[in-house]
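Subject: Structure handover

Dear colleague,

Please find below the structure for your review. My notes on it follow directly after.

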Amino acid sequence: MPNESRTFLTLACLFVAVAAAPGAAQSPAEASPVVSPEIAANRDVTLRLRAPYAERVELVSGGDIPGVPMQGGLPLVKGSDGVFAVKLPALAAGAYRYRFAVDGVPTNDPSNPATSESNGNAWSLFYVPGAPFMDTQRVAHGAVAEVYYYSTALGRTRRMHVYTPPGYERSRDAYPVLYLLHGAFDSDDSWSTVGRAGFIVDNLIAAGDARAMIVVMPDGHTTRFGGGVGGLNMADFVRDFDVDIKPYVERTYRVRTDRASTAIAGLSMGGAQTLDIAFGDLASYAYIGVFSSGVFGIGANADWENAHRAALDDAASKRGLKLVWFSTGKDDFLLDTTRATVAMLEKHGFEVVYEESAGGHTWINWREYLAKLAPQLFR
């Protein structure tokens, strides 16, 4: 045997012997896998992170996890194996965003491949089953695609997510379309991940409770938002929507373009954008949904009302409008904005369906609002 081979064999044997010796330290590659998230049958959720050299790890929530403060985080406990862990007891069914702060550094969960994007970052995501309207059920499923388009209004390539219903690829039918807008700090990915929009519509269609439809989820931000960067850019988005998004959808997908087959809805910032878009071209939308929102600043001035007075007072446009639907939680910071907007529309002769729910400004409500609105569309 050549000397090189004898040397390699000797070293290999020595390595195996040392590794097998009692008390030999495990290398990170040999350490047992970290399970995170671990979702128990009673809906307890345990999150873990191996960080043997970290001094402090905290859980940071997207806002929906009970017991996790909005400012700061919930500390994890470090075990002797260098794994930090926290148990979240008996969570309600739903999707939850989270990340860790490792000695102050934001970190997604490396053991969890599921993510949900916001406007400026990505979150780790887990789902607690138990809500049939949004669970992943054994039904026919549609598809959600990332779609890139060139915005002539903004002069750059942009992205949206588009849901097509089960059977769309094999069908020659044209479908009604719902434009579904997200809120501030979120992105076009949000409705289909933390919002569970595809699963909600799948389940409604399978149960016969909603018409098969296409759902278009555009990016409502035209710049990065927050942290002193950018703003809502409402006018820029409305221009992008009117000039590029809606025309792209109508020429690319088999959608019905008549008013009775066109709906638009949005939450928070997206609700305000919904009102701007719909009342800028009211003859094109038969269904309008506003979640946890209204006309921003309506209590301070009448600028929006004055700018849209022609549409507000157009009797012909009112006749083709089938539904104006609002819902906001009783603890939502935009509750007064919603109430004032509903009152303004009613003053101009609109029939508004308004439901106040429990809860606040969270995805816990917005998923349920979509599940309530969708069955009312295109009937």
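The notes below cover a sheet, two helices that lie across it, and one loop residue.

Please bear in mind that this is a predicted model.

The sheet is open and consists of 8 strands, arranged in the order β11-β12-β14-β13-β15-β16-β17-β18 with mixed pairing. Its edges are β11 (143–151) and β18 (353–357); each has a single partner strand, so one side of each is left without a neighbour in the sheet. From one strand to the next, the twist averages 20°.

At the β11 edge, the partner is β12 (residues 156–164), which runs antiparallel to β11 and is joined to it by 9 bridges. Within this pair, V147 stands opposite M160 in β12.

Two helices lie across strands of the sheet. Helix α4 (residues 269–280) lies across β13 (177–181), β15 (262–267), β16 (287–291) and β17 (323–329), and its direction is at about 150° to β15. Helix α8 (residues 335–347) lies across β17 and β18, running at about 155° to β17.

The remaining point concerns G294, which is located in the loop between β16 and α5 (303–307). Is this residue buried or exposed? G294 has a relative accessibility of 0% and therefore counts as buried, the cut-off being under 20%. Leaving aside residues up to four places away in sequence, G294 touches A272, L275, F326, T337 and T341. A93 lies 201 residues from G294 along the chain, and the C-alpha atoms of these two residues are separated by 28 Å.

Yours sincerely

Conventions: Residues are numbered from 1 along each chain as its sequence is written. This is a predicted model: local features need pLDDT of at least 70, side-chain atom pairs count only at pLDDT 80 or more; totals for chains, interfaces and linings use all residues. Side-chain values use heavy atoms; hydrogens and water are left out. Two strands pair if DSSP finds at least two bridges between them. Helices (H or I, at least four residues) and strands (E, at least two) are DSSP runs, numbered from the N terminus. Axes are lines fitted to C-alpha atoms, for helices over the stretch in contact, and angles run from 0 to 180 degrees between N-to-C directions. Contact means heavy atoms within 4.5 Å. Buried means under 20% relative accessible area, exposed over 50%, partly exposed in between (1.4 Å probe, protein chains only).
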